[in-house]
Structure formats: structure tokens, C-alpha cells
Amino acid sequence: MFVGRPDCLPFQEGITFEAGSLDDYSQAILAYLNDGGIPDDLTAVLNETGGHNQSQVAVADFSGDGLNDLGVSYFDLTMETPESLLNIFVCQDGHYALVYQDGPGAEGFFWKKQLWVWQDLDANGTAELVASDTQCGAHTCFANVKILAWDGRGFVNKLTETTDDLPSPEVQVTDADGDGVFELEVAAGGIASVGARPQRSLTRVWIYDPVQGIWAPDRETLGLSNFRLHALHDADAAAKRGDYETALALYERVIN
């Protein structure tokens, strides 16, 4: 079913999914998988049950045994305060086991578990799962991104420092030199409020440190802006580093 990786156990059509409250979903998904439920169908099954219309299922070999495992995020939109869960199910001895569970976040906010990327990011032959806790206020969302990797016993976060100061983020991985080792990029889209200051995009990049086996912050890049204030800031920064030609051009832009 999934190219390049055998599945944990034989699948069967028509397996039913049964769960009551959100607390039941982890064990209900586990039962669905071990009864032979098809992972490809799990997203549709969750979306049809209790309003989980943005559930995600990631299929990859997360544990390094050559068999497919699953990461599942889902949240309950029918609750007064929607809550979300993230589970990772690993194939062990011919059946699935629940080895990672991240529960609901703080009350009073929209809190969603989101899956961004599931692939081998450090060229070690085992996939990592890039996921986030997304918390939304009245107008803007923030996300705490994690790179979850198998350490032989469970999953640990390999991303150092937080991302939850970047408003309205978009997450992607890049491999500019084609060596199979990926950088993580989180781009801030700005605060979505009419009362906010002039907004400017910011992209923060983490690179892989093979000695420590982690992704560490490396650089930040400001996006282009049509606001006079940002052109002035860029001119001042250029002057401070001695790039007077760029500074003068930018000051000219501000004046005109």
C-alpha cells in the first residue's frame, strides 16, 4: 500500500471505529489499527466522527525497523473549547503500540495539534515527525514546533529553543545542497489584527548538528517590505555595518 515500506499487519475492509469522548480516541484508534483498519482510511473515519474535520494521518517508518508506523493528530470541534490530541503508533511484534501521546493544551484557547512533515530529515534512514501545538487567540495563532525522533524507547523533541514567538507561522524543511540533511524553516506571517503595527515577515532557520543530534537555531531573515518604517530600519542597519552605498539608497527611498 505504501511504496518502499511494508505495513505492520494485513489490512481488512469494513473495520469500524468506535469512540465516545475525546479521551477514548487513542485507544479507539489503536483498536482500529490492530483489528486491520486501513491507515489510508483513518483520516476519513476521524473526519466523519464527532466533527474531527481537520484530522491528519502520517505514515512512515519512525522507529527504524523497516515497517510503517503512524502519527495521528485530531481535535474535537464539537466541544465548547476545542481540544486536540497527537498520537504516534509504532509497529511492535506484529501489532501497533501507542508509544507517544500529547494531550490537550491550555483551556480558553483554540489549541490544535498539527502535522507538517514526516520524512527522514537527518539521513539516518529513519523518519522524523515535524509537529506543532498551535494556539489561537482572538485574531492570531502561534505554534510551538517540535521535531519528534525515535530514541530506541520513545520519541524525543530534537528541536532546540521555541518557535512560539512567531505569529501565524508556516513550517517547511529544505535541503539546499542536496545532501539529504534538512534545515527547518519557520516563517512568521505577522499578527492578523488591524490594530497591530506594520507587519513584516520573518523566517527563522534551524540546522542539524550531527554531533549533538539536534536542530539548533542558525539565522533569521527579514522579508521585503513596502513600509517606510522598515526601509528606514534597513538603512540604519546597513549604515551600522558600514554598507554606506546600500544605506544611502534606502534613505533616498524613505525620503522619496
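Let's start in the interior, with helix 1: its buried residues are Tyr-25, Ser-26, Ala-28, Ile-29, Leu-30, Tyr-32 and Leu-33. The helix spans residues 25-34, and because 7 of its 10 residues are buried, it is largely enclosed by the rest of the structure. Keep in mind that you're looking at a predicted model.

So what covers the buried residues of helix 1? The cover includes helix 2 along with three strands: strand 2 (69-76), strand 3 (83-92) and strand 4 (95-102). Follow the chain out of helix 1 and you come to Gly-36, which has a positive phi, near 105°.

Now for the confidence scores. The protein averages a pLDDT of 84, and 86% of the residues score at least 70. Helix 2 (residues 39-47), part of the cover over helix 1, has the lowest mean pLDDT among the elements of the protein, at 80. Strand 8 (residues 155-157) has the highest, at 97. Then there are residues 1-5, where pLDDT stays under 50. For that stretch the model has 13 contacts beyond four places in sequence.

Finally, hop over to the surface. Which residues make a nonpolar patch there? Phe-227, Leu-229 and Leu-232 do, and the patch comes to about 240 Å². Leu-229 sits in helix 3, which runs over residues 228-240. Is Leu-229 buried or partly exposed? Its relative accessible area is 40%, so it counts as partly exposed. Compare that with Leu-30 and Leu-33 back in helix 1, which are among the buried residues there.

Definitions and conventions:
Residues numbered from 1 in each chain as written. Predicted model: local features only at pLDDT ≥ 70, side-chain atom pairs only at ≥ 80, totals over all residues. Heavy atoms only, no water. Patch = residues over 30% accessible without salt bridge, like charges linked within 9 Å, V, L, I, M, F, W, Y side chains within 5 Å. Areas by Shrake-Rupley, 256 points an atom, 1.4 Å probe, with all protein chains shown as cover. Salt bridge = Lys/Arg side-chain N within 4 Å of Asp/Glu carboxyl O. Helix = DSSP H or I, 4+ residues; strand = E, 2+ residues; numbered from the N terminus. Buried < 20%, exposed > 50% of the residue type's maximum accessible area, 1.4 Å probe, protein only. pLDDT = per-residue confidence, 0-100. Contact = heavy atoms within 4.5 Å.
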